[in-house]
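Reader: I am new to this one. Could you walk me through it in short steps?

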Amino acid sequence: MKQYMLVKTTDLYSYAELCVKSLDDKYSAIAFAHFLYHSLAQNRVMEDEVCDWSSALVPAEGSKWSGLLRSNPWWGQGFVELSDSLADTYVGVHTPENHLLSFMRTHVGASNVPHISPPNAAFPTTASPLTRENTLLLLGWIHNLRNRGTRMPEDSWRA
């Protein structure tokens, strides 16, 4: 009895869309980011073939946002927290310092907390007294959102 296998060819964009839909933790997101970065760096893909992966949340290195948020309140909205897990070497391939973070910001639409809308979910830090640093972060975020004309979800600031 012969067995047959169906093989379907695809382009990088379609493959990337499939991968993005399956990203469910920061480790798979980082692996995918490295794949895209090195594919582009080695001219295996054209720049316009790298898809916009706007569901990435990338707190800046040494970010204070993790102290304010404690967890990723955007998880249910498809955002992946990468934090400081952006290793310089991944599966034996070296990435120059800060190149992956820069690549993600410019090519895949990743952004830091103050540049995205607040989640439509409460985060526990706002239900307790805030440290001075967290108060300044929160006020700066609100200021940034108001300057952009972003409407805030009602549940964002309540625990």
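**A first walk through the model**

Author: This model is predicted. Start at the end of helix α5: the residue that follows it is Gly149, and its phi is positive, near 75°.

Reader: How many helices and strands does the protein chain have?
Author: Read along the sequence, the pattern is α-α-β-α-β-β-β-α-α. In total, that comes to five helices and four strands.

Reader: What span should α5 have, and what is the distance between its end C-alpha atoms?
Author: Helix α5 covers residues 132–148, which is 17 residues. At 1.5 Å a residue, the span should be 24 Å. The end C-alpha atoms agree with that, because they are 24 Å apart.

Reader: Where do the buried residues of α5 sit around the axis?
Author: The buried residues of α5 are Asn134, Leu137, Leu138, Trp141 and Leu145. They cover an arc of only 95° around the axis, so they share one location: the same side of α5.

Reader: Why can residues a few places apart point the same way?
Author: An α-helix has a regular turn, so the spacing of residues matters. Residues three or four places apart point the same way because each turn holds 3.6 residues.

Reader: Which residues are exposed on the other side of α5, and what helps cover the buried ones?
Author: Exposed on the other side are Arg132, Leu136, His143, Arg146 and Asn147. The cover over the buried residues of α5 includes α3 (65–69).

Reader: What is the reach of α2 from its first C-alpha to its last?
Author: Helix α2 spans residues 26–41 and has 16 residues. At 1.5 Å a residue, 22 Å is expected. The reach is close to that, at 22 Å.

Reader: Which residues of α2 are buried?
Author: Buried here means under 20% relative accessible area. In α2, the residues in that class are Ala29, Ile30, Phe32, Ala33, His34, Leu36, Tyr37, His38, Ser39 and Leu40.

Reader: Which helix gives the largest share of the largest nonpolar core?
Author: The largest nonpolar core has 14 residues, and Leu36, Val50, Leu100, Phe103, Met104 and Val108 have the most contacts inside it. At least two residues each come from α1 (12–22), α2 and α4 (99–107). The largest share is five residues, and it comes from α2.

Reader: How many residues does the other core have?
Author: Another core lies apart from that one. Among its members are Trp65, Phe79, Leu138 and Trp141. It has eleven residues.

Reader: Which residues does Phe103 touch?
Author: Leave out residues up to four places away in sequence. Phe103 then touches Ala33, Leu36, Tyr37, Leu40, Val50 and Val108.

Reader: Is Asn43 buried or exposed?
Author: Asn43 follows α2 and is found in the loop between α2 and β1 (56–57). Its phi is near 55°, a positive value in a residue other than glycine. Its relative accessibility is 69%, so Asn43 counts as exposed.

Reader: How far is Asn98 from Asp88 in space?
Author: Asn98 lies in the loop between β4 (93–94) and α4. Its relative accessibility is 42%, so Asn98 counts as partly exposed. Asp88 is ten residues away in sequence; C-alpha to C-alpha, the distance is 8.1 Å.

Reader: What share of the exposed area comes from carbon and sulfur atoms?
Author: Of the 159 residues in the protein chain, 37% are buried. The protein chain exposes about 10100 Å². The share supplied by carbon and sulfur atoms is 52%.

Definitions and conventions: Residues numbered from 1 in each chain as written. Predicted model: local features only at pLDDT ≥ 70, side-chain atom pairs only at ≥ 80, totals over all residues. Heavy atoms only, no water. Expected span 1.5 Å × (residues − 1). Buried < 20%, exposed > 50% of the residue type's maximum accessible area, 1.4 Å probe, protein only. Core = buried A, V, L, I, M, F, W, Y, C linked by side-chain atoms within 4.5 Å. Contact = heavy atoms within 4.5 Å. Arc of directions from axis to C-beta. Areas by Shrake-Rupley, 256 points an atom, 1.4 Å probe, with all protein chains shown as cover.
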